[in-house]
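The following note sets out numbered comments on the structure shown below. Each point may be read alongside the sequence and the coordinates.

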Amino acid sequence: MKTRFILLLLLLLPFFVSAQFSNMQSQARSMHTQMNMQNQKWASERAASNQQWQMRNMMSHQVSKIEAAEHKLAKEEKNKQKLEKKTEKLEADLKTNQDQLANLKNNSENNADVQKEIEKSEEKVSKSEEKVNKSRTKIESSSKKVEDLKKEVEKYKTEKEELQKKQEEEKKLKEEEKAKKEKEKEEKEKEKEKEKEEKKDK
């Protein structure tokens, strides 16, 4: 009896070992699948994090560009105002010199001394006109710079707005993707529960 029992045990042993081995294999496969899924999740999270960092970096760079352009614009506008005040003063000086010249010409009696004064006054008027013209040229140049800088600021602001829109769109897409994954996960869990219940019923 004892030998029969041992013999029976020896015959059944390979079946038990085989069943246990196949159970271990399925557990190993399951763990491997879970690890792969976790690795994929981490990789996608890392990629999303990198993308967010990149976007924040681009946004901060854009803000810096806007601030720098606005600073240049304010500086140039101040310079233009200075030039305009200087030009007003030069134009007033020119007017004074022209009036003096006109008075000298009206009161001249072909006197040699008066003639010298007229020449000096004409020279003063000429220099004064030259200064006014130079100053007006500088104002034109400054005005052009101001307009160019205004366009630059607007361009950077538009780029910033586009970047913000892109950020918001990507954020929305990520949220939709996350919601979709959660829904799929819930559905898979429901299916597993359903399969377990079906197995119990059998």
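1. The largest nonpolar core of this predicted model has seven residues: Ile 66, Ala 69, Leu 73, Val 146, Leu 149, Val 153 and Tyr 156. Helices α1 and α2 each supply at least two residues of this core, and α2 gives the most, with four. A second core lies apart from it and has six residues, including Leu 90, Leu 94, Ile 118 and Val 132.

2. Ala 69 deserves a closer look as a member of the largest core. With neighbours within four places in sequence left aside, Ala 69 is in contact with Leu 149, Glu 152, Val 153 and Tyr 156. Of these partners, Leu 149, Val 153 and Tyr 156 are also listed in the largest core.

3. The overall fold may be summarised as follows. The protein contains two helices and zero strands. Helix α1 covers residues 2-106, and helix α2 covers residues 112-201. Among contacts between residues at least 6 apart in sequence, 86% join residues at least 24 apart. Buried residues account for 13% of the 202 residues. The protein exposes about 17,800 Å², of which carbon and sulfur atoms supply 52%.

4. Which residues does Gln 62 contact beyond its neighbours within four places in sequence? They are Tyr 156, Glu 159 and Lys 160. Gln 62 lies in helix α1, and its relative accessible area is 8%. Because that value is under the 20% limit, Gln 62 counts as buried. The side chain of Gln 62 also makes a polar contact with the side chain of Glu 159, at 2.8 Å. Tyr 156, one of the residues that Gln 62 contacts, belongs to the largest nonpolar core.

5. A search of the whole structure finds 10 salt bridges. One of them pairs Glu 70 with Lys 157, with the closest N and O atoms 3.4 Å apart. This pair links distant parts of the chain, since Glu 70 is in helix α1 and Lys 157 is in helix α2, 87 residues apart. Are the two partners buried, partly exposed or exposed? Glu 70 has a relative accessible area of 33% and Lys 157 one of 32%. Both values fall between the 20% and 50% limits, so both residues count as partly exposed.

6. Other salt bridges lie within helix α2. The side chains of Asp 148 and Lys 144 meet at 3.2 Å, N to O; both residues lie in helix α2, four residues apart, which is about one turn of the helix. Asp 148 is partly exposed, at 37% relative accessibility. Lys 144, at 53%, counts as exposed, because the limit for that class is over 50%.

7. Lys 127 and Glu 123 form a further salt bridge, in which the closest N and O atoms are 3.9 Å apart. These two residues also lie in helix α2, with a spacing of four residues, or about one turn of the helix. The N to O distance of 3.9 Å may be read against the 4 Å limit for a salt bridge.

8. Why does Glu 170 have no salt bridge, given the distance to Lys 166? Glu 170 is in helix α2 and is buried. The nearest side chain of opposite charge, that of Lys 166, is 4.6 Å away. A salt bridge requires a separation within 4 Å, so Glu 170 and Lys 166 do not qualify. Not counting residues up to four places away in sequence, Glu 170 touches Gln 51 and Met 55.

9. Arg 56 may be considered last. Arg 56 lies in helix α1 and has a relative accessible area of 52%. This value is over 50%, and Arg 56 therefore counts as exposed. The C-alpha atoms of Arg 56 and Leu 163 are separated by 9.8 Å, although the two residues are 107 residues apart along the chain.

Definitions and conventions:
Residues are numbered from 1 along each chain as its sequence is written. This is a predicted model: local features need pLDDT of at least 70, side-chain atom pairs count only at pLDDT 80 or more; totals for chains, interfaces and linings use all residues. Side-chain values use heavy atoms; hydrogens and water are left out. Buried means under 20% relative accessible area, exposed over 50%, partly exposed in between (1.4 Å probe, protein chains only). A nonpolar core is a set of buried Ala, Val, Leu, Ile, Met, Phe, Trp, Tyr and Cys residues joined through side-chain atoms within 4.5 Å. Contact means heavy atoms within 4.5 Å. A polar contact is a pair of N or O atoms within 3.5 Å; within protein, one must be able to donate a hydrogen and the other to accept it, and residues adjacent in sequence count only if both atoms are side-chain atoms. Lys and Arg count as positive and Asp and Glu as negative; His and the chain ends are not counted. Accessible areas come from the Shrake-Rupley method with a 1.4 Å probe; for residues, only the protein chains shown count as cover.
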